[in-house]
Amino acid sequence: MVTIFGSNTCLHCLLCKQMCEAMDVEYKFLEVQDPDVTRQFVELFPDIEGIPQILWKGDHIGGYAELTLKIDEYITNLNNGEVQ
């Protein structure tokens with residue numbers, strides 16, 4: 001569901017991982033220091049240098065702040081019986 005492009009040395013990247021784990025949101029963490037991930041990052045986000053960058057169901061939503069909003073929305077929908 002969530003793909004996080006980040007680094008294990010980045011505080012906001014680690015907070016994204018922790019938030020997904022705490023809220024039981026399935027995620028995949030891709031380390032941008034890996035050359036294959038770096039190529040993918042540049043292809044997906046040619047004009048963006050900062051991390052984390054996050055895909056929610058394949059759509060780019062932004063970084064840490066946007067993920068917090070999206071997870072809040074997701075949890076609200078789950079509690080209301082709606083799956084997004």
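Begin with helix α3 of this predicted model: its buried residues pack against β1 (2-6), α1 (11-22), β3 and β4 (59-62).

**Helix α3**

Select residues 64-79, the extent of α3. The helix has 16 residues and reaches 23 Å from its first C-alpha to its last, close to the 22 Å expected at 1.5 Å a residue. Next, highlight L67, I71, Y74 and N77, which are buried in α3. Viewed down the axis of α3, the buried residues fall within an arc of 125°, so they line one face of the helix. Rotate to the other side of α3, where L69 and N79 are exposed. Beyond the helix, select G81, which follows α3 and has a positive phi, near 80°.

**From α3 to strand β3**

Keep Y74 displayed and add W56. Which parts of the chain does this pair link? W56 belongs to strand β3 (residues 53-56) and Y74 to helix α3, so that distant parts of the chain, 18 residues apart, are linked. A pair of aromatic rings is described by the distance of the centres and the angle of the planes. For W56 and Y74, the ring centres are 5.7 Å apart and the planes stand at 70°; the pair is therefore edge-to-face, since planes over 60 degrees apart count as such. Both partners are buried: W56 has a relative accessible area of 5%, and Y74 has a relative accessibility of 15%. The structure holds 4 aromatic pairs.

**Helix α1**

Move to α1, residues 11-22. Its 12 residues should span 16 Å at 1.5 Å a residue, and its end C-alpha atoms are 16 Å apart, which agrees. Highlight C13, C16, K17, M19 and C20, the buried residues of α1. They cover an arc of only 160° around the axis, which puts them on the same side of α1. What covers these buried residues includes β1, β2 (27-31), β3 and α3. Turn to the face away from the buried side of α1 to find the exposed residues L11, E21 and A22. D24 follows α1, with a positive phi near 55°.

Return to K17 and add F29: K17 lies over the face of F29, at 4.5 Å from the ring centre.

**The largest nonpolar core**

Select V2, I4, C20, V25, W56, L67 and I71; of the 14 residues in the largest nonpolar core, these touch the most other members. The elements that give two or more residues to this core are β1, α1, β3 and α3. Which element gives the largest share? It is α1, with 4 residues.

Centre the view on I4. Leaving aside neighbours within four places in sequence, the contacts of I4 are C16, K17, C20, Y27, K28, F29, L30, P52, Q53 and I54.

**The second core and helix α2**

A second, separate core of 7 residues includes F5, V32, F41 and F45. Three of its members, F5, F41 and F45, form one aromatic cluster.

Finish at V37, in helix α2 (residues 35-44). Is V37 buried or exposed? With 10% relative accessibility, V37 counts as buried, because the cut-off is under 20%. Not counting residues up to four places away in sequence, V37 touches F5, L30, E31 and V32. For a last distance, select V37 and G6: they are 31 residues apart in sequence and 9.6 Å apart in space, C-alpha to C-alpha.

How values were computed: Residues numbered from 1 in each chain as written. Predicted model: local features only at pLDDT ≥ 70, side-chain atom pairs only at ≥ 80, totals over all residues. Heavy atoms only, no water. Phe/Tyr/Trp six-rings, centres within 6.5 Å; stacked < 30°, edge-to-face > 60°. Buried < 20%, exposed > 50% of the residue type's maximum accessible area, 1.4 Å probe, protein only. Lys NZ or Arg CZ within 6 Å of the ring centre and 35° of its normal. Expected span 1.5 Å × (residues − 1). Arc of directions from axis to C-beta. Contact = heavy atoms within 4.5 Å. Core = buried A, V, L, I, M, F, W, Y, C linked by side-chain atoms within 4.5 Å.
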